[in-house]
Amino acid sequence: MIKKCFAKINLSLDIISKRADGYHNIDTLMARINLFDKLEIEKTSDGKFTYDSNVSLGKVEDNLIFKAYEVMKNLAGEKATGIRVKLTKNIPVAAGLAGGSTNAAETMKALNELWGMGLTKNDLMEAGAKLGADIPFFFLERAARATGIGEILDPFSIKTPLKVLLVNDGTSIASAHVYKNTKLFGHIKTGEIAKSLSQGSWEFVEDFENVMEDVVLRDFPHLKAIKENLSNHGALKALVSGSGASIFGIFKDEKALDRAYESLKTSYNFVRKVDLIDD
Ligand SMILES: C[C@@](CO)(OP(=O)(O)O)[C@H](O)COP(=O)(O)OP(=O)(O)OC[C@H]1O[C@@H](n2ccc(N)nc2=O)[C@H](O)[C@@H]1O
Ligand SMILES: Nc1ncnc2c1ncn2[C@@H]1O[C@H](COP(=O)(O)OP(=O)(O)O)[C@@H](O)[C@H]1O
């Protein structure tokens with residue numbers, strides 16, 4: 001079975017409060033983009049987890065695909081089998097694009113089908129939330145306003161034809177570091193931004209904001225040039241996605257997007273025109 005694991009960007013991201021469990025309540029607008037890892041999963045009769053990938057992600061036990069397998073194995077009981085997994089990674093890692101989370105979610109979807117478990121979307125969301133805050137979003141398969149730790153999902157449509165250029169220079173950033181250091185939050189008009197996007201308006205694009213950006217740009221100052229470059233090339237808005245380090249530019253005009261792409265593509269590791277697929 002082959003699954004496409006789509007990445008996400010956060011069009012806007014606010015923190016609402018710090019929780020007693022160390023996590024944070026957030027208010028964010030998330031949309032999947034047409035950048036994906038290819039995940040191939042097949043059942044085996046040896047009872048083992050066998051893994052192969054085009055990139056090295058460290059110990060297999062730390063891989064979210066393996067963790068998702070373990071969660072599903074516990075839920076599947078006697079229906080569980082060994083599996084062989086092949087991951088072709090295209091999504092930059094630790095980049096604010098939720099590459100690990102989307103891999104985990106698609107593993108869970110695949111095993112639910114391969115093992116005939118009959119779990120509902122809600123069952124999968126609940127099980128996925130225990131593995132990572134960003135995972136439930138990938139079961140929804142719609143753009144969403146995410147609150148709580150990211151697991152409370154309110155779908156919305158994006159009618160504004162946003163054109164997006166995504167840039168990543170290879171910097172990896174740990175989400176926990178950024179959450180811990182972000183001090184100014186709680187002021188983004190998330191509801192108004194979502195409403196305006198669902199009406200096809202451009203009015204609130206200038207209000208897109210990510211409260212984590214100050215910490216990301218303070219601790220990784222070389223990223224400022226990417227943001228500036230995107231703005232100088234006509235992006236209406238250039239913003240860090242999630243806890244970084246990917247930065248996306250929002251364009252209205254296709255030609256400006258093309259010019260920015262041509263100019264930046266040789267300067268950074270990863271420069272890609274992407275579409276939002278949840279509209
Ligand atoms: C910041 C966001 C925005 O979409 O995305 P990324 O930049 O990682 O893509 C997410 O909240 C990342 O979600 P995810 O990466 O699934 O987080 P988890 O694995 O559950 O948690 C990693 C660490 O981030 C912190 N964390 C995460 C989510 C949250 N609502 N509050 C937190 O404080 C905690 O310190 C936690 O130990
Ligand atoms: N299958 C996976 N793909 C990517 N990263 C993974 C995976 N499994 C575990 N990780 C780990 O998860 C962390 C976060 O990676 P990722 O999900 O790509 O980024 P982000 O949380 O910034 O969106 C990294 O430290 C990475 O090593």
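1. A good place to start is the backbone of D134, where an N or O atom lies 2.9 Å from an oxygen atom of ligand 1. The model under discussion is a predicted one, and the distances in this note should be read with that in mind. Two further contacts to ligand 1 come from side chains: a polar side-chain atom of N10 lies 3.1 Å from an oxygen atom of the ligand, and an N or O atom in the side chain of Y179 is 2.5 Å from an oxygen atom of ligand 1. Taken on its own, ligand 1 has 700 Å² of accessible area, and the protein covers 82% of that area.

2. Which residues make up the surroundings of ligand 1, and which of them are the closest? The ligand is surrounded by 19 residues, and the closest are H24, D134, S175, Y179 and S243. Sorted by class, this shell holds eight nonpolar, nine polar and two charged residues. Two elements of secondary structure, the strand β1 (2-18) and the helix α5 (175-181), each supply at least two residues of the shell. As for its location, the space that ligand 1 takes up is the largest pocket.

3. The active site deserves a separate point, and here the information comes from a record: the unreviewed UniProt entry places the feature "active site" at K8 and D134. These residues span 127 residues in sequence, yet no two of their C-alpha atoms are more than 9.5 Å apart, so they gather at one spot. Both K8 and D134 belong to the lining of the largest pocket. K8 has its place in strand β1, and β1 also contributes at least two residues to the shell around ligand 1, while D134 is listed among the residues closest to that ligand.

4. Where does ligand 2 sit, and which residues are the closest to it? Ligand 2 sits in the largest pocket, with 16 residues around it, of which L64, G96, A98, G100 and N103 are the closest. By class, the shell around ligand 2 is made of eight nonpolar, six polar and two charged residues. The helices α1 (64-76) and α2 (99-114) each supply at least two residues of this shell, and α2 gives the most, with three residues.

5. The polar contacts of ligand 2 can be followed one by one in the structure. A nitrogen atom of ligand 2 is 3.0 Å from an N or O atom in the side chain of N63, and a nitrogen atom of the ligand is 2.9 Å from a polar backbone atom of L64. An oxygen atom of ligand 2, in turn, is 3.0 Å from a polar backbone atom of A94. The protein covers 77% of the 540 Å² of accessible area that ligand 2 has on its own.

6. Finally, the unreviewed UniProt entry also marks two domains, and the reader may like to place them on the chain. The feature "domain: GHMP kinase N-terminal" is placed by UniProt at residues 63-140; over residues 63-140 the chain is 54% helix and 9% strand, with its end C-alpha atoms 22 Å apart. The annotation "domain: GHMP kinase C-terminal", again from UniProt, covers residues 212-268; the span 212-268 is 47% helix and 16% strand, and its end C-alpha atoms lie 22 Å apart.

Technical notes
Residues are numbered from 1 along each chain as its sequence is written. Chains are lettered from A and ligands numbered from 1 in the order in which they are written. This is a predicted model: local features need pLDDT of at least 70, side-chain atom pairs count only at pLDDT 80 or more; totals for chains, interfaces and linings use all residues. Side-chain values use heavy atoms; hydrogens and water are left out. A residue is near a molecule or strand if one of its heavy atoms lies within 4 Å of it. A polar contact is a pair of N or O atoms within 3.5 Å; within protein, one must be able to donate a hydrogen and the other to accept it, and residues adjacent in sequence count only if both atoms are side-chain atoms. Accessible areas come from the Shrake-Rupley method with a 1.4 Å probe; for residues, only the protein chains shown count as cover. On a 1 Å grid over the protein atoms alone, a cavity is a set of points where a 1.4 Å probe fits but cannot get out, and a pocket is an open set with protein on both sides within 12 Å along at least five of seven lines; lining residues have an atom within 4 Å of a point. A molecule sits in a cavity or pocket if more than half of its atoms lie within 2 Å of its grid points. Helices (H or I, at least four residues) and strands (E, at least two) are DSSP runs, numbered from the N terminus. Ala, Val, Leu, Ile, Met, Phe, Trp, Tyr, Cys and Pro count as nonpolar, Asp, Glu, Lys and Arg as charged, and the others, Gly among them, as polar. UniProt positions are given in the numbering used here, feature names are shortened, and annotations may be inferred rather than shown by experiment.
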